[in-house]
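I opened my notebook today to look up how aromatic rings are placed in this model. I wanted to write down each step as I went.

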Amino acid sequence: MLALLAGVLVPLAAAGLRSVFWLLIGMAGAALTLMALWWTLARTGAARAVGTLLLVAVPLAVLALYAAYGMLAPACVSLGLLALAVAAARIALTPEAHDGPGTGHGRARQPSVTVPRHPWILMNPRSGGGKVERFQLADKARAAGARVVLLEPGRHQDVAELARRAVADGADLLAVAGGDGTQALVAEVAARHDLPFLVIPAGTRNHFALALGLDRDDPATALEALADAHEIRVDLGFAGDRVFVNNASFGTYAAVVGDPAYRDEKMRTILEALPDLLTGPAAPRLRMRAGPETRVDGLQALLVSNNPYLSGVDSMHLGRRERLDSGQLGVLGVRVDGSARAAGLLRGPHTPAVTRLTVTEVVVEAGTDTIPAGVDGESVLLPAPVVCRIAPGALRVRVPRQRAPAPLTRPPADWPHVLRLALTPGRPERGS
């Protein structure tokens, strides 16, 4: 509370009531910068050039103006104090007792489980820039008693069919060393046959492994679960009949991912495609239905995740999910159809440009027979309407005994609550 008060008093001490004017200047500069970003992404030709110029010039002009009138240092000190206040408030509101290592990633931890007799592991040598070979995963897995199947580079192979054959041959554990898209295909087979599943983070991003608390820097440590493991149950998401362990995206992002050039030249492909996808005649306009009361039209992008992602206030844990067993989908819809709405993003969570929900089922429509989607990063075409749902506790996952703790989630700064804590005599328990 002292940091918050000091953050307000510093500009007042430096400029008196004129500090309100400087605050408005800063807010106007931020709004114009967001509008310039919109022009840069959504326009072509001269409009994009002007947007790019403003994107650089406006922040520099605001900084120069602050510096010329001696307000740059007070503004920086004030922002630092306000950031400190928010961080301290969130720490104060975080309960003292939180999930320890491993809890929170799945349904209640179980005792150690029996060692599988016939584990089967599918490995993609191309994933993650060659992590399978670099960490000698195949040799280590065979030494641990697993049967290893390597995908052949340049040859299309039905991953799900390979997993089904393994089950028919007597496999009592299925595992994947590869990207999240491959993980999802084999996880579906494991869930259908109620077999344990093992994640080996050998892909590029490995968001599913991140949510499970696995070591993404050393994927070989996941193999320890073949001998000494806990078993947890986690949810699976479905987009139509397609399983996802992370998310299914529709609209702008799905269209970009579906472009064959995206894999080799991501940034160039995005910049070339966005003008048509945001403002062109072919721009996606999605409709979303969640329950009898929630209907949103005109969405340009929609992300449906297997359990909600941590909100934007958790900037230290972007892309993280607090748990994988809430039995809920996270839904994030975006509609930015002009520069004015882009500037409105300054309103944060209250902006009408963003829709955020937590539901068990959501229906996606687009006025067409099929809808392009990115399912765990894989481009697919799904029949419309697409019903996205959650299957609670559908997947048994084996994890090593020793793994990273669940990320500590800091709640938003609830200032009335913080003030009550600050004025409470004695030492109240944190989060009380």
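**Aromatic rings**

I searched the whole of this structure, which is a predicted model, and the search gave three aromatic pairs.

I looked at F21 and W22 and noted that their ring centres are 5.3 Å apart with the planes at 70°, so I entered this pair as edge-to-face, since planes over 60 degrees apart are given that name.

Are these two residues buried or exposed? I found F21 partly exposed, with a relative accessible area of 47%, whereas W22 is buried, with a relative accessible area of 7%.

I then followed W22 to Y69 and recorded a tilted aromatic pair, with 5.5 Å from centre to centre and 50° between the planes. Where in the chain do W22 and Y69 lie? I placed W22 in helix 2 (residues 18–42) and Y69 in the loop between helix 3 (45–68) and helix 4 (72–93), so this pair ties together parts that are 47 residues apart in sequence. I also checked the accessibility of Y69, and at 59% relative accessibility Y69 counts as exposed, because the word is used for values over 50%.

I wrote down that ring pairs link F21, W22, Y66 and Y69 into a cluster.

**A charge over a ring**

I turned last to F238, and I noted that R389 lies over the face of its ring, at 4.1 Å from the ring centre.

Definitions and conventions: Residues are numbered from 1 along each chain as its sequence is written. This is a predicted model: local features need pLDDT of at least 70, side-chain atom pairs count only at pLDDT 80 or more; totals for chains, interfaces and linings use all residues. Side-chain values use heavy atoms; hydrogens and water are left out. Rings of Phe, Tyr and Trp (its six-membered ring) pair if their centres lie within 6.5 Å; planes under 30 degrees apart count as stacked, over 60 as edge-to-face and the rest as tilted. Buried means under 20% relative accessible area, exposed over 50%, partly exposed in between (1.4 Å probe, protein chains only). Helices (H or I, at least four residues) and strands (E, at least two) are DSSP runs, numbered from the N terminus. A charge sits over a ring if NZ of Lys or CZ of Arg is within 6 Å of the ring centre and within 35 degrees of the ring normal.
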